[in-house]
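Let's take a walk through this fold, with an eye on how the side chains pack. Pull up the model and follow along.

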Amino acid sequence: MLRIHLWIVFILVHFACQSPQKPETHRSSDASSFLEGLYINQKSVSNPTTWKPLLDRMQNVGMNLVVIDAQPKSPAKETLDDLKSKGFWTVARIVNFDGGLKVIAPDPGRLASIQSAIRAACQAGFQEIQLDYIRYADGGTDFTLSYEKRYENILAVIQGHKEKSKPDCRSEIKWSADIFGRVPFIENDAIGQKVEPFSKELDALYPMLYPSHFYGITARVADPYTTIKEGIQRTKARSESKTRALAWVQGFKMHIGPSGLSYQDYIKVQMLGAFDAKGDGFVVWNAGNDYEDSFSAYEDYRKEKASRP
């Protein structure tokens, strides 16, 4: 009888161990995750027939980041709550000076408008405020100002945004900025962006390392992997230790010919460059949100990333 009891116990334990496990729930991304995702414009996020399939596809392939336009109107709180419940880190893209600041000091009305958009994005539940076009106009301005004064003025704008937004933006909100792709590679730039002072004020930097935009530098245009990798490495090396670096990846076909790669592979190697640089993530830019090739590239990237040492 004892043998029979022991055999029954063995069978029960065996089948308990073999029973299927519950699927792991999707872990929410946070500011310490390696973030991978897409830029989403207002047209896409406001149209359910466009937004739901796009979001489902992002979730199904394993992305965990969305950068969404928050002007002229922030997406609804319900949209942000849904994204966060699905494990996405949510970033509000806030355009400051479209085309760059063309005068020494910005108009107070413009600053008030930007700060209003920031507060609305915080109220909606965004986890990060990303400042875009936070610079002077490229190609020269009609006033004389030292590099240091330019950096000081642009930093003052960032500091003003943070201070004015305190009533509506929680203390845990992260602040970031888009910077020109050339900025990590050069010492000074007349647009008023520099890695070192920016990193002291911000939680993350997003260098726009689109290879197509390194005009006249053939090696950068023709080698998207190295352009992204070195751009992130330089950003990290020049930043405060707390500051994260995420690459803007080129998800459009401008000047991809010199690389000799297909469009899909062109996107994929940029993703791999961001990963191999030991940065903090990447986000693909396509102004019209045409991401079919980017999704295919991302799936290839995931396979290759898994085989990395």
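**Rings, a helix face and a pocket**

Tyr298 has 0% relative accessibility, so it counts as buried. Keep in mind that this is a predicted model. Tyr301 also comes out at 0% and therefore counts as buried too. Both tyrosines sit in helix α11 (residues 292-306), 3 residues apart, or about one turn of the helix. Their rings form a tilted aromatic pair, 5.6 Å centre to centre with 40 degrees between the planes. Ring pairs also tie Tyr298 and Tyr301 into a cluster with Phe34, Phe275 and Phe282.

In total, the structure holds 11 aromatic pairs. Take Trp248 and Trp285: their ring centres are 5.6 Å apart and the planes meet at 80 degrees, so this pair is edge-to-face. It bridges distant parts of the chain, with Trp248 in strand β8 (residues 247-250) and Trp285 in strand β9 (residues 281-285), 37 residues apart. Both Trp248 and Trp285 are buried.

Now swing over to helix α4 (residues 77-85), whose buried residues are Thr79, Leu80 and Leu83. Looking down the axis of α4, these fall within an arc of 95 degrees, so they line one face of the helix. That buried set packs against α2, α3, β2, β3 and α5. The face turned away from the buried side carries exposed Glu78 and Ser85. Just after α4, Gly87 adopts a positive phi of about 95 degrees.

Last stop, the largest pocket, at about 470 Å³. Of its 19 lining residues, Phe180, Gly181, Met208, Tyr210 and His213 are the closest to the centre. By class, the lining has 10 nonpolar, 3 polar and 6 charged residues.

Conventions:
Residues are numbered from 1 along each chain as its sequence is written. This is a predicted model: local features need pLDDT of at least 70, side-chain atom pairs count only at pLDDT 80 or more; totals for chains, interfaces and linings use all residues. Side-chain values use heavy atoms; hydrogens and water are left out. Buried means under 20% relative accessible area, exposed over 50%, partly exposed in between (1.4 Å probe, protein chains only). Helices (H or I, at least four residues) and strands (E, at least two) are DSSP runs, numbered from the N terminus. The arc is that of the directions from the helix axis to the C-beta atoms. Contact means heavy atoms within 4.5 Å. On a 1 Å grid over the protein atoms alone, a cavity is a set of points where a 1.4 Å probe fits but cannot get out, and a pocket is an open set with protein on both sides within 12 Å along at least five of seven lines; lining residues have an atom within 4 Å of a point. Grid points are joined across faces, edges and corners, and a volume is the space filled by probe spheres set on the points. Ala, Val, Leu, Ile, Met, Phe, Trp, Tyr, Cys and Pro count as nonpolar, Asp, Glu, Lys and Arg as charged, and the others, Gly among them, as polar. Rings of Phe, Tyr and Trp (its six-membered ring) pair if their centres lie within 6.5 Å; planes under 30 degrees apart count as stacked, over 60 as edge-to-face and the rest as tilted.
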